[in-house]
Amino acid sequence: MLSELQRTELPADPMLPRPYRIQRVRRELPGTFTWELAPANGDLPSSFEPGQFNMVYVGGIGEIPVSISGDPANPEKMIHTIRAVGQLTRAMETFGRHTVVGLRGPFGTPWPVDEIRGRDVVLVSGGLGLAPLRPAFYHLLQEREAYNRIILLYGARDPDEILYRDEIKQWRRHLDLDVEVTVDSALGRWRGHVGVVPELIKRVDFDPERTTGLICGPEVMMKYSAIALINRGVAAENLYVSMERNMKCAVGFCGHCQLGPHFVCKDGPVFRYDHIKSAFSVREL
Amino acid sequence: MPEREEQQHLNWKEQPLVKDLSPEHLELLANLATETHFEAREMICKEGESAEHFFLIKAGRVVLELYGQPKGHMKIDTIESGEVLGWSWLVEPRKWHFDAYASLEVEAVRFDAAKVRALMEDDAVFGFALMQQFVPVIMDRLQSTRLRLLDMYHVK
C-alpha cells in the first residue's frame with residue numbers, strides 16, 4: 001500500500017497542523033474544486049491509505065475534514081476534492097496556487113483493499129462520493145492482477161455533474177474494467193443509463209459469493225445500494241460504507257462525530273456495513 | 001460519454017419477468033410473442049398513443065422521455081437487457097405515458113397486449129401469475145422515482 005517514499009510519522013501532537021502549499025487548483029464542477037497540495041516546509045509528505053481523511057485548517061476561519069482523493073502510491077501529491085457549501089469551503093474556493101493551509105492527518109480507517117485480494121470488487125459511488133473511493137480504485141488498477149472483476153458504478157444528478165469526467169472516460173477504455181455511469185435525469189445528447197445508481201447493480205455481472213462492495217455517497221444512496229447488493233446475494237459482511245459526520249478533533253476525543261457507539265473519525269469513516277447498518281434507520285442520528 | 005455498445009442476446013423465456021411462470025403459462029405467452037428489432041434512435045412508442053404492445057428487452061437500451069416546457073425533452077429512465085417496457089396496456093385508458101426510443105440498437109420480444117389481456121381475463125390463474133411478475137417491475141420503478149425525488153446529490 002505504501003509507496004517507496006519513506007513513511008513520515010505524524011507529528012507527535014495530532015492536533016498540530018502541518019503547513020501544506022496548494023500546487024494546483026482544478027475546477028471540477030461549479031462549486032467543486034480539487035487541490036493538489038505538497039508540504040510547504042520541505043518535509044516528506046504523509047503517506048495515506050485509501051479512504052482516509054485529513055483535517056484541513058485555514059487560519060482565522062476554521063477546520064474541516066476532507067477525504068483524500070489522490071493516489072496512495074503517489075502521496076507526494078496530496079489531493080483533496082472539496083465542494084463549497086459553507087463559509088469555510090466558500091473561502092477555500094477562492095484560494096489560488098501557493099496559498100498555504102494546515103493539514104492534520106491522515107486519520108481514520110481505510111477501505112480494506114488488501115483483505116479483498118482475489119475477489120470481485122464492486123465500487124458504488126454517487127455525487128461527490130467518488131472522491132473518497134478514487135484512492136481505492138487507483139490501488140485496484142495498480143494491482144489489477146490481484147483482483148478478479150472490478151466494477152465501478154457511479155451516479156450523478158445529471159450529465160453536467162459527473163465528477164472526474166475525463167478520468168472516467170479513460171477508465172471506461174480499459175477492457176478489464178466495467179465502469180458504468182447513470183444520471184437521475186438528462187437533457188440533450190446523453191446516451192447512457194438514466195436512473196438511480198442502485199439500479200445499475202442489477203445490470204452488471206459479478207459473482208455475489210466472492211464479491212466485496214465498497215460504497216460511498218449520500219447515506220440514502222449507500223443504504224439502497226447496500227440493499228441492492230444484498231438482494232443480488234452479496235453478504236452484508238462483505239460490504240463497506242464510508243460515513244460522513246462532523247469530525248472536529250479527528251482522534252476520538254471530542255465526540256462531535258459520534259454515531260451510536262462509534263466515533264466516525266476513529267472507528268470510521270470506513271465501516272463494515274453490518275457493523276453500522278442500524279444507524280441508517282435511526283432518525284436524527 | 002457514449003455508452004459501449006454491448007449486444008447480449010438472451011433467451012427471453014429465462015428472463016426475470018417470465019422465468020417464474022409455469023411451462024404452460026409460458027407457452028401461452030410465447031404464442032403471443034414476436035421477435036423484433038429497433039435501430040438506434042428508432043421510436044418505439046409515443047406519449048398518448050394507444051398501448052397495444054409491451055416489450056421484453058433482450059439487448060440494447062431504450063430511453064424513456066417526457067416532453068414539457070421549459071425543459072423540452074427530458075430523459076427519465078432507461079430500460080435495458082432483461083427488463084420490460086410498458087405496463088400502460090394493463091390500465092385504462094391504455095395509452096403510453098411517455099415517449100420511448102432505442103438509444104442503442106435493440107433486440108426485443110413484442111407481445112400483443114389485447115390478446116394477453118384477453119388470456120388473463122379468460123384464465124384467472126394465468127392472469128394472476130402474470131400480474132405477480134409485473135407488480136415487482138412497477139414497484140422497482142416507483143422506488144427509483146421516489147429515490148430521485150430525494151434529489152440526493154443536491155447540497156444546499
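**Entry 1. Contact between the chains**

I take two residues to be in contact if their C-beta atoms, placed from the backbone, lie within 7 Å. The model I am reading is a predicted one. I first looked up how chain A meets chain B, and found 26 residues of chain A in contact with 22 residues of chain B. On the side of chain A that touches chain B, the elements giving two or more residues are strand S10 (193-194) and helix H5 (219-231) of chain A. I noted that H5(A) provides the largest share of that side, 3 residues. Sorted by class, the side of chain A that touches chain B holds 12 nonpolar, 6 polar and 8 charged residues.

**Entry 2. Chain A as a whole**

I next turned to the overall form of chain A. I counted 7 helices and 15 strands in its secondary structure. The radius of gyration of chain A is 18 Å, and the globule rule gives 19 Å for 285 residues; the two are close, so chain A is as compact as a globular protein of that length. Along the principal axes, the C-alpha atoms of chain A fill a box of roughly 50 × 45 × 40 Å. I also recorded that 47% of the 285 residues in chain A are buried. Of the contacts in chain A with a separation of 6 or more, 71% are between residues 24 or more positions apart.

**Entry 3. The two domains of chain A**

I then looked up how chain A is divided, and found domain 1 (18-107) and domain 2 (120-281). Their C-alpha centres lie 22 Å apart. To the contact between them, domain 1 of chain A gives 20 residues and domain 2 of chain A gives 18 residues. On the domain 1 side, I listed the elements of chain A that give two or more residues: strand S1 (18-29), strand S3 (53-58), strand S4 (62-67), strand S5 (78-83) and strand S6 (100-107). The largest share of this side, 3 residues, belongs to S6(A). By class, I recorded 9 nonpolar, 7 polar and 4 charged residues on the side of domain 1 of chain A that touches domain 2 of chain A.

**Entry 4. Two residues of chain A**

I asked myself whether A:Met92 is buried or exposed. I placed A:Met92 in helix H1 (residues 87-93) of chain A. A:Met92 has 23 other C-beta atoms within 10 Å, and 20 or more make a residue buried, so I entered A:Met92 as buried. Leaving out residues up to four places away in sequence, I found that A:Met92 touches A:Val58 and A:Ile82. A:Met92 and A:Asp274 are 182 residues apart in sequence, and their C-alpha atoms are 36 Å apart in space.

I looked up A:Val282 as well, in the segment after helix H7 (273-276) of chain A. A:Val282 has 9 other C-beta atoms within 10 Å, and a residue with 12 or fewer counts as exposed, so I entered A:Val282 as exposed. From C-alpha to C-alpha, A:Val282 and A:Gly260 are 9.3 Å apart in space, with their positions 22 residues apart in sequence.

**Entry 5. A helix pair in chain B**

Last, I examined helix H2 (residues 113-122) and helix H3 (residues 124-149) of chain B, whose axes come within 5 Å and cross at roughly 120°. That angle makes H2(B) oblique to H3(B). In the contact, B:Leu119, B:Met120 and B:Glu121 of H2(B) meet B:Phe126, B:Gly127 and B:Leu130 of H3(B). I classed the residues of this contact as 4 nonpolar, 1 polar and 1 charged.

Terms used: Residues are numbered from 1 along each chain as its sequence is written. Chains are lettered from A and ligands numbered from 1 in the order in which they are written. This is a predicted model: local features need pLDDT of at least 70, side-chain atom pairs count only at pLDDT 80 or more; totals for chains, interfaces and linings use all residues. Helices (H or I, at least four residues) and strands (E, at least two) are DSSP runs, numbered from the N terminus. The radius of gyration is taken over C-alpha atoms; the globule rule is 2.2 Å times the number of residues to the power 0.38. Domain bounds come from an automatic or database domain assignment. Ala, Val, Leu, Ile, Met, Phe, Trp, Tyr, Cys and Pro count as nonpolar, Asp, Glu, Lys and Arg as charged, and the others, Gly among them, as polar. Axes are lines fitted to C-alpha atoms, for helices over the stretch in contact, and angles run from 0 to 180 degrees between N-to-C directions. Angles under 35 degrees count as roughly parallel, over 145 as roughly antiparallel, 65 to 115 as roughly perpendicular and the rest as oblique.
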